[in-house]
Amino acid sequence: MASLAIDPARGLVVDTAPLERAAGVSEPLVGEVPIAEDMGLDMIKVPARSALSLDLLLTAVSEGVLVTGEVTADVTGECARCLAPIEDALTVDLQELYAYEGSTTDQTTGTDEIARLDGDLLDLEPAVRDALVLAMSASPVCREDCPGLCADCGRPWDELPDDHRHDKIDPRWAELEKLRGQGEDA
């Protein structure tokens with residue numbers, strides 16, 4: 001039986017013909033595949049042209065093909081607190097059923113409730129994208145105890161001395177403060 005592979009020219013589309021639609025037959029799908037577009041959010045994403053590492057098992061079942069396993073991707077972004085660059089790896093579990101055309105799932109589920117095979121082809125991209133994006137934080141941090149930026153000067157707290165502070169004068173007392181300053185000069 002031929003091993004499953006992804007043709008990078010076709011994105012994350014897999015030809016499941018080697019499974020022969022025989023329930024119980026499984027084939028691994030292991031390797032790296034580049035992605036054409038960013039996958040992610042404004043603050044953090046898997047950048048375009050980076051590789052996804054796939055460790056998947058495709059199993060023919062009576063209704064279609066069950067895909068299980070893990071996808072790992074390098075993510076880049078910036079800290080929501082201090083704006084420092086973030087580089088990390090993200091691993092997500094994937095479990096998705098792709099129904100055969102004309103299977104009984106057509107009677108039991110709506111067309112948008114389950115992924116479908118197109119002949120022997122299945123497109124992993126929507127499931128992979130959903131799994132990765134849902135695992136990303138909308139407010140990523142460089143580390144859990146990141147103190148962020150000073151609200152007055154905008155510099156990262158990590159770069160400032162422990163006694164850093166800004167003397168704030170209440171605008172109602174600003175004129176008196178000017179007078180006090182003149183008195184010290186005399």
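How many Å² does the protein expose, and what share of it do carbon and sulfur atoms supply? I looked this up before anything else. About 11500 Å² is exposed, and carbon and sulfur atoms supply 49% of it. Areas here come from the Shrake-Rupley method with a 1.4 Å probe, and for residues only the protein chains shown count as cover.

**Ground rules**

I am working on a predicted model, in which local features need pLDDT of at least 70, side-chain atom pairs count only at pLDDT 80 or more, and totals for chains, interfaces and linings use all residues. Residues are numbered from 1 along each chain as its sequence is written, and side-chain values use heavy atoms, with hydrogens and water left out.

**Entry: overall layout**

I counted 3 helices and 9 strands. These are DSSP runs numbered from the N terminus: helices are H or I with at least four residues, strands are E with at least two. Along the sequence the pattern reads β-β-β-β-β-β-β-α-β-β-α-α. The protein has 186 residues, and buried ones make up 31% of them. Buried means under 20% relative accessible area, exposed means over 50%, and partly exposed lies in between (1.4 Å probe, protein chains only).

Next I checked contacts, defined as heavy atoms within 4.5 Å. Of the contacts with a separation of 6 or more, 57% come from residues 24 or more positions apart.

**Entry: helix α2**

Which residues of α2 are buried? I found A127, V128, A131 and L132. They sit on the same side of α2, because they cover an arc of only 120° around the axis. That arc is taken from the directions from the helix axis to the C-beta atoms. The spacing fits a general rule: an α-helix has 3.6 residues a turn, so residues three or four places apart point the same way.

I then asked what they pack against. The buried residues of α2 meet β3 (39-40), β4 (44-46), β5 (51-61), β6 (64-78) and β7 (85-99).

**Entry: two strand residues**

I picked G40, in strand β3. G40 is partly exposed, at 36% relative accessible area. Leaving aside neighbours within four places in sequence, G40 contacts K45, V133 and M136. I also took a C-alpha distance: G40 and T76 are 9.6 Å apart, with their positions 36 residues apart along the chain.

A99 was next, in strand β7. Is A99 buried or exposed? A99 is buried, with a relative accessible area of 0%. The C-alpha atoms of A99 and L66 are 8.5 Å apart, at a sequence separation of 33 residues.

**Entry: salt bridges**

The structure holds 5 salt bridges. The criterion is a side-chain nitrogen of Lys or Arg within 4 Å of a carboxyl oxygen of Asp or Glu. I followed up several.

D120 pairs with R21, with the closest N and O atoms 3.5 Å apart. This pair links distant parts of the chain, 99 residues apart: D120 is in the loop between β8 (115-116) and β9 (121-123), R21 in the loop between β1 (13-15) and β2 (26-34). D120 is partly exposed at 30% relative accessibility. R21 is also partly exposed, at 40%.

Which residues are linked with R143 in a network of salt bridges? They are D145 and D158. The D145–R143 bridge has its closest N and O atoms 2.6 Å apart. For D158–R143 the value is 2.8 Å. Both D158 and R143 lie in the loop between α2 and α3, so the pair ties together parts that are 15 residues apart in sequence. D145 is exposed, at 54% relative accessible area. R143 is partly exposed at 34%, and D158 is partly exposed at 49%.

**Entry: the loop between α2 and α3**

H164 lies in this loop. What do H164 and H166 share? Their side chains are joined by a polar contact of 3.0 Å. A polar contact is a pair of N or O atoms within 3.5 Å; within protein, one must be able to donate a hydrogen and the other to accept it, and residues adjacent in sequence count only if both atoms are side-chain atoms. Not counting residues up to four places away, H164 touches C150, C153 and W157.

W173 is in the loop between α2 (125-135) and α3 (174-185). I found W173 in a nonpolar surface patch with I169, L176 and L179, about 440 Å² of accessible area together. Patch residues have over 30% relative accessible area and no salt bridge; like charges are joined within 9 Å, nonpolar side chains (Val, Leu, Ile, Met, Phe, Trp, Tyr) within 5 Å.
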